[in-house]
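Colleague: Could you take me closely through one strand of this model and its surroundings, and then follow the connections outward to the rest of the chain? I would like a connected account rather than a list.

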Amino acid sequence: MTMRHELARVITSREVARGIIRLAVRSPLIAATALPGQFVNVRVDHRSLYPLLRRPFSVSRTDGEVCELLFNVVGPGTERLAAKRADDTIDMIGPLGKPFCLDHEIGTAVIVAGGLGVAPFPFLTAALEKKGARILTLLGARTRAMVIRDHLTDVRVATDDGSEGLKGTVVDLLERTLSGGQTPNPKIFGCGPTPMLRALSAVAAARDIPCELSLEGSMACGVGLCQGCPVERTAGGRKYALVCTDGPTFESTEITL
Ligand SMILES: Cc1cc2nc3c(=O)[nH]c(=O)nc-3n(C[C@H](O)[C@H](O)[C@H](O)COP(=O)(O)OP(=O)(O)OC[C@H]3O[C@@H](n4cnc5c(N)ncnc54)[C@H](O)[C@@H]3O)c2cc1C
Ligand code: FES
């Protein structure tokens, strides 16, 4: 798959929840080739050396020549990205990484997102809809105001404070949903904080359900050069896989979190 380097022009930037930004940029080469689960590595200001390292973000959605990113403002890179306005530019490399695997027959795609782990799923939802899979989307958030449901299908919610949906974690909601028996031939797609992904893997293993996870740990080069993004493998030749090139999507049985 060819990696592209584009100076992408901002079309819109919108705060969809407190500190969470949806950024739409015109990046025709990356939008045309990206697949769900892949990411872009962004140099926020191409005229400045700070921040030096690129920052990785999932491709949240594509629409023609447009790529959308959904991100949380947590530090200098995302603060600068949040300050971008229409007609500003950002320097993007992508699409990077291994997409979600959609080769097999999927009866029910059960999407499980914790917090900003929702970012890659609008893109995945569009691909699953084309494939004709039934989709169930389970979102976990701290509170109702942090639930971001745009471009998703059949959404159910769990919140830590009980302000919407189930009071509990999104993995509690998954257990309840699977026990309801309404998910024939399921495959789980998960993204979120590591403790949530660990719990998700355990549920999938206990019920023998295929489960693919998208990891969002720290990263530097994004292209397999710095060895800065290892994740432990359960089997196979190498003890560690690289999140940027072997992932960010992995079968849950492939890795130890
Ligand atoms: C493949 C991949 C895809 C990603 N997709 C998205 C996305 O779609 N939306 C999004 O909001 N974020 C995503 N991230 C995380 C995002 O890259 C970081 O939040 C971003 O790099 C932070 O940059 P910063 O300069 O603002 O903050 P930094 O100064 O780099 O970090 C600020 C604080 O956040 C913590 N932090 C930084 N990165 C992470 C991380 N990955 N996980 C947990 N804590 C972190 C740091 O430890 C620090 O405490 C993704 C990461 C990867 C590897
Ligand atoms: S980020 Fe450099 S090898 Fe993965």
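Modeller: Within strand β7, Ile90 is the bridge partner of Ala8, and this pair belongs to the antiparallel pairing of β7 with strand β1 (residues 4–17), which extends over six bridges. Please keep in mind throughout that this is a predicted model. With strand β3 (residues 39–43), β7 again pairs in the antiparallel sense, here over four bridges, and in that pairing Leu96 of β7 is the bridge partner of Phe39. The strand itself, which spans residues 89–96, is mostly covered, since six of its eight residues are buried.

These pairings are part of an open sheet of seven strands, with antiparallel pairing, whose order is β4-β3-β7-β1-β2-β6-β5. The edges are taken by β4 and β5, each of which has a single partner strand, so one side of each is left without a neighbour in the sheet. From one strand to the next the twist averages 35°. At the β5 edge, the antiparallel connection to β6 is made by three bridges, and there Asp63 stands opposite Val66 in β6.

Stepping back to the whole protein, the division is into domain 1 (4–96) and domain 2 (108–256), with 22 Å between their C-alpha centres. The contact between the two draws 20 residues from domain 1 and 19 residues from domain 2. On the side of domain 1 that touches domain 2, the elements giving two or more residues are β1, β3, β4, β5, β6 and β7, so the strand with which we began is among them. By character, the residues of that side divide into eleven nonpolar, six polar and three charged.

The ligand belongs to the same discussion, because both domain 1 and domain 2 give residues to the shell around ligand 1, which therefore lies between them. Of the 21 residues around ligand 1, those that come nearest are Phe71, Gly75, Gly77, Thr78 and Ala119. At least two residues of the shell are supplied by each of β4 (55–58), β6 (66–72) and α2 (76–82), and the largest share, four residues, comes from β4. In composition, the shell divides into twelve nonpolar, seven polar and two charged residues.

Turning to helix α3 (residues 121–131), one finds Phe121, Pro122, Phe123, Leu124, Thr125 and Leu128 buried. The buried residues of α3 pack against β5 (61–63), β8 (108–114), β9 (134–141) and β12 (186–191), and β5, as noted above, is also an edge strand of the seven-stranded sheet. Just after the helix, Gly132 takes a positive phi of about 85°.

A last place to look is Glu216, which lies in the loop between β13 (211–214) and β14 (230–233). Glu216 counts as buried because 22 other C-beta atoms lie within 10 Å, where the cut-off for a buried residue is 20 or more. Leaving aside neighbours within four places in sequence, Glu216 is in contact with Cys191 and Pro248. Glu216 and Cys229, 13 residues apart in sequence, are 9.7 Å apart in space, taken from C-alpha to C-alpha.

How values were computed
Residues are numbered from 1 along each chain as its sequence is written. Chains are lettered from A and ligands numbered from 1 in the order in which they are written. This is a predicted model: local features need pLDDT of at least 70, side-chain atom pairs count only at pLDDT 80 or more; totals for chains, interfaces and linings use all residues. A residue is buried if 20 or more other C-beta atoms lie within 10 Å of its own, exposed if 12 or fewer, and partly exposed in between; C-beta atoms are placed from the backbone. Two residues are in contact if their C-beta atoms, placed from the backbone, lie within 7 Å. A residue is near a molecule or strand if its C-beta atom, placed from the backbone, lies within 6 Å of it. Ala, Val, Leu, Ile, Met, Phe, Trp, Tyr, Cys and Pro count as nonpolar, Asp, Glu, Lys and Arg as charged, and the others, Gly among them, as polar. Domain bounds come from an automatic or database domain assignment. Two strands pair if DSSP finds at least two bridges between them. Axes are lines fitted to C-alpha atoms, for helices over the stretch in contact, and angles run from 0 to 180 degrees between N-to-C directions.
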